[in-house]
Amino acid sequence: MDNKNSGEIDASITATHMMLEATELGLGSLWAMYWDPVKMKKEFELEADIEPVALILVGYKSEEAKPRKGHYESLSESDILI
């Protein structure tokens, strides 16, 4: 009723499920956050009306792989609530 396009939201949900499935298969995944959509369309030969939403990298994790410093830290509730 609000005439909003839910395409990006739906694509994000799908990408999340793909990452969860990769984990179930024993693979690691990463949602890349910084990429050029024009180069992406050219590299993957996407049609003009297709807009890339996510770039998911999937593969076997290195034995030495570990989260970056601060990955498991979070702000206090008073720092994030207004």
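**Group meeting: the largest pocket, a helix lysine and a surface patch**

I will begin with the largest pocket, which holds about 430 Å³ of space, and I should say at once that what we are looking at is a predicted model. The lining of this pocket is made up of 16 residues, and those that lie nearest its centre are G28, S29, L30, K61 and P67. If we ask which elements build that lining, α1, residues 7-24, and β1, residues 28-32, each supply at least two residues, and the largest share, 4 residues, comes from α1.

Let me turn now to a single side chain, K41, which lies in helix α2, spanning residues 37-43. Is K41 buried or exposed in this model? Its relative accessibility is 17%, and because buried means under 20%, K41 counts as buried. As for what surrounds K41, once its neighbours within four places in sequence are left aside, the residues in contact with K41 are L46, E47, A48, I50, E51 and P52.

My last topic is the surface, where L75, I80 and L81 form a nonpolar patch whose accessible area, taken together, is about 330 Å². Within that patch I would point to L81, which is found in the segment after α3, the helix covering residues 77-80. The relative accessibility of L81 is 54%, and since the cut-off for exposed is over 50%, L81 counts as exposed.

To set the two residues side by side, then, K41 in helix α2 is buried at 17% relative accessibility, whereas L81, in the segment after α3, is exposed at 54%.

Conventions: Residues are numbered from 1 along each chain as its sequence is written. This is a predicted model: local features need pLDDT of at least 70, side-chain atom pairs count only at pLDDT 80 or more; totals for chains, interfaces and linings use all residues. Side-chain values use heavy atoms; hydrogens and water are left out. Patches are made of residues with over 30% relative accessible area and no salt bridge: like charges are joined within 9 Å, nonpolar side chains (Val, Leu, Ile, Met, Phe, Trp, Tyr) within 5 Å. Accessible areas come from the Shrake-Rupley method with a 1.4 Å probe; for residues, only the protein chains shown count as cover. A salt bridge is a side-chain nitrogen of Lys or Arg within 4 Å of a carboxyl oxygen of Asp or Glu. Buried means under 20% relative accessible area, exposed over 50%, partly exposed in between (1.4 Å probe, protein chains only). Contact means heavy atoms within 4.5 Å. On a 1 Å grid over the protein atoms alone, a cavity is a set of points where a 1.4 Å probe fits but cannot get out, and a pocket is an open set with protein on both sides within 12 Å along at least five of seven lines; lining residues have an atom within 4 Å of a point. Grid points are joined across faces, edges and corners, and a volume is the space filled by probe spheres set on the points.
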